Amino acid sequence: MIKEIKYIHEPDDLQCGQAVLAMLTGVSVEKVAGELENERETNLREMRGFLASHGLKMADERKQAESKAELPGVCVLSLETPRCWHWSLYCSGTFYDPEHGVMEDFPECKRKYYWEITGR
């Protein structure tokens, strides 16, 4: 896992998952999309498989959070935003959202789910 997250803005509206994976692994968004053979929306299976192939473990269980205080040190977020379901990243007190930027709290969303990320 990258020790310091470098923010990556999603190249288009459909690549939030690829951008989150790129931030976690240090691989470019283009290379993530190539490895996944997917330049559109990513699903949980793709997220989990890519992370595993890069030495990271995504928790099996999805958990729901109401506040940032409930989040573990590093996790992938699935957020129900006003526009769509959206992948985002939380690391050590900061949100790295591929659409909304680097933030101190969740972007506007109704439901917030997360999966903790650890090394193998």
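Here are four short exercises, each with a worked solution, on a predicted model.

**Exercise 1: cysteines**

Work out how many disulfides the structure has, and where Cys75 and Cys91 stand in that respect.

*Solution.* Start with what you're looking for. A disulfide is a covalent bond between the sulfur atoms of two cysteines. The cut-off to apply here is a pair of cysteine sulfur atoms within 2.5 Å.

Next, run the search over the whole structure: zero disulfides turn up. Take Cys75 as a case: the nearest cysteine sulfur belongs to Cys91 and is 9.0 Å away, and Cys75 is in no disulfide. Looking from the other end, Cys91 has the sulfur of Cys75 as its nearest, at 9.0 Å, and is in no disulfide either.

Now check how covered the two residues are, with buried meaning under 20% relative accessible area. Cys75 is at 0% relative accessibility, so it counts as buried. Cys91 is at 10%, so it counts as buried too.

**Exercise 2: the strands around S4**

Find which strands pair with S4, in what sense, and what joins them.

*Solution.* Begin with S4 itself, residues 85–91: six of its seven residues are buried, so you can call the strand mostly covered.

Then go to strand S3, residues 74–80. S3 and S4 run antiparallel and are joined by seven bridges. For a residue pair to look at on screen, try Leu79, which stands opposite His86 in S4. The link between S3 and S4 is a hairpin through four residues.

Now move on to S5, residues 94–97, which pairs with S4 over three bridges, again in the antiparallel sense. Here Leu89 has Tyr96 in S5 as its bridge partner. S4 and S5 also form a hairpin, this time with two residues between them. While you're in that turn, look at the backbone of Ser92: its phi is positive, about 50°.

One reminder for reading the side chains: in a regular strand they alternate between the two faces of the sheet.

**Exercise 3: helix H1 and Leu21**

Decide whether H1 is covered or open, then find what Leu21 is in contact with beyond its sequence neighbours.

*Solution.* H1 spans residues 16–25, and 10 of its 10 residues are buried. The buried set includes Cys16, Val20, Leu21 and Leu24. Just past the end of the helix, Gly26 takes a positive phi of about 80°.

Now zoom in on Leu21, which is found in H1. Its relative accessibility is 0%, so it counts as buried. Set aside neighbours within four places in sequence, and the contacts of Leu21 are Val32, Leu36, Met47, Phe50 and Leu51. For a distance check, pick Glu10, which is 11 residues away along the chain: its C-alpha atom is 11 Å from that of Leu21.

**Exercise 4: the largest pocket**

Describe the largest pocket: its volume, its lining and the element that gives the most to it.

*Solution.* First, the volume: about 180 Å³.

Second, the lining. Among the residues there are Asp13, Glu41, Arg83, Trp85, His86 and Trp87. H1 and S4 are the elements that give two or more residues to it. S4 gives the most, with three.

Third, the chemistry: sort the lining residues and you get five nonpolar, four polar and three charged.

Finally, tie this back to the earlier exercises. His86, the residue opposite Leu79, is part of this lining. So is Cys16, one of the buried residues of H1.

Key:
Residues are numbered from 1 along each chain as its sequence is written. This is a predicted model: local features need pLDDT of at least 70, side-chain atom pairs count only at pLDDT 80 or more; totals for chains, interfaces and linings use all residues. Side-chain values use heavy atoms; hydrogens and water are left out. Buried means under 20% relative accessible area, exposed over 50%, partly exposed in between (1.4 Å probe, protein chains only). Two strands pair if DSSP finds at least two bridges between them. On a 1 Å grid over the protein atoms alone, a cavity is a set of points where a 1.4 Å probe fits but cannot get out, and a pocket is an open set with protein on both sides within 12 Å along at least five of seven lines; lining residues have an atom within 4 Å of a point. Grid points are joined across faces, edges and corners, and a volume is the space filled by probe spheres set on the points. Ala, Val, Leu, Ile, Met, Phe, Trp, Tyr, Cys and Pro count as nonpolar, Asp, Glu, Lys and Arg as charged, and the others, Gly among them, as polar. Contact means heavy atoms within 4.5 Å.
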